[in-house]
Each structure stands twice: as C-alpha cells, then as structure tokens.
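Trainee: Could you take me through a close look at a single part of this protein, the pockets, and then at what surrounds them? I would love one connected walk that I can follow on screen.

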Amino acid sequence: MKNPLVGPAVLKNLYYYLVKIRRFEEKVIELYPGQEIRCPVHLCIGQEAIAVGFCANLRKDDYIFSNHRNHGHLIAKGMQLDSMFAELYGRSAGCSEGKGGSMHMVSTEHGIMGTSAIVAGGIPIAAGAALSSKMKKDKRVTTVFFGDGAVDEGVFYETLNFSALKKLPVVFVCENNSYATNSPQRDRQANIDIYKIADFFHVPGKCIDGNDVLEVYKTAKECIGRARDGRGPSLIEARTYRWKTHVGPETDIEKGLRDAEEVEEWFKKCPLKKFRQHVLKNGLVKEKELAGLEKKADKEISEALDFALGSPYPEEKELYKGVY
C-alpha cells in the first residue's frame, strides 16, 4: 500500500467511511436473524474500499448507480443512515418509504437516482445519465458499480460501446469478487481479465487491488477527472472478495459453497485492517484520531437505528402511492 500524496484530512475521511460501512453491515448481520428486517440483504462487507475510494472523488451532485449489493456505495456517497435503516425495516421514513427494501434505495439529493436488483440493470441507465450531463454541459460525472456477473450480460458491451462512441462522462467500475451468486468467474468467462475488454472500445482499462483504498482513490481521481474534462469513459476492474454469502448474513463456508481456506486468505486482506495498519505504521494519522472516528460512526449508527425503530409503518392507504 502506497500513499498517493494525500493529506491527513483525506486519510481520515477514507477511514471514517470504511468504518462506517463496516459497522453498518455488521449491525445488519447482528439484527437480521431477529426477523424484523424482512427484505433480502446483499452485504458488501469486505468490499468497502472500492466504494470509499471512488466516492471520495465525486461531487455531491455527481451521479452513482449501484446494484443489489448497494449499501457501501450509498453510505460512501453520503446517504443518511436513518433513512437506510428505516427502509430495511419497511418504515415510512425509509428512503423509498418502506416499499423498496435493501435493493431499491434512492437519494436524489446525493445523486443516487435509484438502485436496481436486475443484474447489469444500472449500466445503461448510468450511460443515460451521463448523456444528459453531456448535453446539459453540467460537468457531472456518473459512476456505475457492478459485479463480474454483470459482465456476462450483453448490455454491458452495448453500453460501453455507446459511451465510448459519444465520449460520455461515465466511469464503469467492476467489483470483481470472483463469484456471480455461487458461480466462479473462471467457469463463466473465457477471458477473466475484465479490464482488457476496454481495449475493444478504445477506452482506458485498468485492473487494481480493490482492497487497497489508496490505490482505488488514486485510480478514481484519474478516471473521474478524465471524464469531467470531456475525455470520455474508463473501465476499472477492482478485484476484491465478498465475505458473506450471496444474500443474507451467513457465509458460504456454513453452506458448503466455498472452501474455508480461500475465505480465510481473503480475511487477511481486509481493506479496513490494511489501511489502519498503513496509516499508523507510517505516522500519518494518530491512534486516538482513528478511535474518535470509530466512535463517531458507532454513534451515528446507534442514533439511526433508534430513529428507524421509532418510525411508523406505511399506512394501508399508501399501498399504491409511488407505484407506476
């Protein structure tokens, strides 16, 4: 892990969001067996660095498009935890008024125009948002996060081609965790170097360590700046690993779907632990400052959870409100 010449304020901000996402996911894992959160949850624990590194380079009015595994992206973009927890609990104060659940969260004030459970569904919508930004000349950049499973879909190639042709201000970020549900990438794709697909469309493609938040931050800064300057899209393949099973709080070890040794190896590459050790070892941030950020994140999560549990459920008369 190398420090790409970022100051203490940025380092602390990166750590704060890494912790905030991690603690949010851990709280969901703790609460889910209570059966009060009734929507499916696709957890991103272990993949936090990608969301944090990219969103740290985005403006509040920039757009992001996510997928079913969206919690980290939304938190890193600044979405309020109270509306997220309320949504998980199906309460009317939720960001989708309790009707969307984990997979359908939205916060237009943060440039989060809605997440979709359809694999690769956000990719063409992101290109549409980027096209509108180009036509309006508003200098907004769109970033779309998707998994390696989305690369199995034809719309990925069609959208990449259109975006390259029109030089759209969009960054394609593939969070390659090696599995689409439980199907290994090597058993689905003839070419597992996803970033090389960019060559066919004459756009920059790069493969990075998705568990190294500083490498992600540096790469994001380059490709987001490129998009904002009107030089078109980029394709980033960030290699990482999903700690939990495809959906739910369990692990694939318990289900017999992955080898314990493989999972244990990736635990050693924990993005949060890796970054914490780096900044302390190099004297970049003090231990008590990190502890303060952890305490701040814990307090926010506690308050957001209290807010959610104190919020009412939607009334019956609201059943079809917002349904089109």
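Mentor: Happy to; we will go from the pockets to the nonpolar cores and then to the salt bridges. Please keep in mind that this is a predicted model.

Let us start with the largest pocket, which holds about 290 Å³ of space. Its lining is made up of 20 residues, and H68, R69, G147, G149 and Y179 are the closest to its centre. Two strands are worth colouring here: β2 (142-147) and β4 (179-180) each supply at least two residues of that lining. By character, the lining of the largest pocket splits into 7 nonpolar, 9 polar and 4 charged residues.

Now turn to the second largest pocket, with about 170 Å³ of space. Its lining includes S133, K134, K137, D138, K139 and R140, and K167, P169, A227, R228, D229 and G230 also belong to it. Helices α5 (122-136) and α7 (213-228) are the elements that give two or more residues to this lining. Here the division is 2 nonpolar, 2 polar and 8 charged.

From the pockets, let us move to the buried nonpolar residues. The largest nonpolar core has 71 residues, and F24, F54, F85, L88, V171 and F275 have the most contacts inside it. Helix α1 (residues 8-31) gives the most to this core, with 10 residues. F54 is a good one to click on: leaving aside neighbours within four places in sequence, F54 is in contact with T143, F145, V171, V173, V216, A220, C223, I224 and I236. Apart from this core lies another, of 25 residues, with C174, I194, I197 and A198 among them.

Last come the charged pairs. Side chains of opposite charge can pair when their charged atoms come close. The count of salt bridges comes to 25. One of them takes us back to helix α1, where E30 and K27 both lie, 3 residues apart, about one turn of the helix. The closest N and O atoms of E30 and K27 are 3.3 Å apart. E30 counts as exposed because its relative accessibility is 52%, while K27, at 21%, is partly exposed.

Another salt bridge joins D193 to K196, with the closest N and O atoms 3.4 Å apart. K196 is partly exposed, with a relative accessible area of 36%. D193 and K196 are also linked with E237 and R239 in a network of salt bridges. Finally, K317 forms a salt bridge with E315, the closest N and O atoms being 3.6 Å apart; K317 is exposed at 71%, and E315 is partly exposed at 47%.

Notes
Residues numbered from 1 in each chain as written. Predicted model: local features only at pLDDT ≥ 70, side-chain atom pairs only at ≥ 80, totals over all residues. Heavy atoms only, no water. Core = buried A, V, L, I, M, F, W, Y, C linked by side-chain atoms within 4.5 Å. Buried < 20%, exposed > 50% of the residue type's maximum accessible area, 1.4 Å probe, protein only. Helix = DSSP H or I, 4+ residues; strand = E, 2+ residues; numbered from the N terminus. Contact = heavy atoms within 4.5 Å. 1 Å grid on protein atoms, 1.4 Å probe; cavity = no way out; pocket = protein on both sides within 12 Å on 5 of 7 lines; lining within 4 Å. Points joined across faces, edges and corners; volume = space filled by probe spheres on them. Nonpolar A, V, L, I, M, F, W, Y, C, P; charged D, E, K, R; others polar. Salt bridge = Lys/Arg side-chain N within 4 Å of Asp/Glu carboxyl O.
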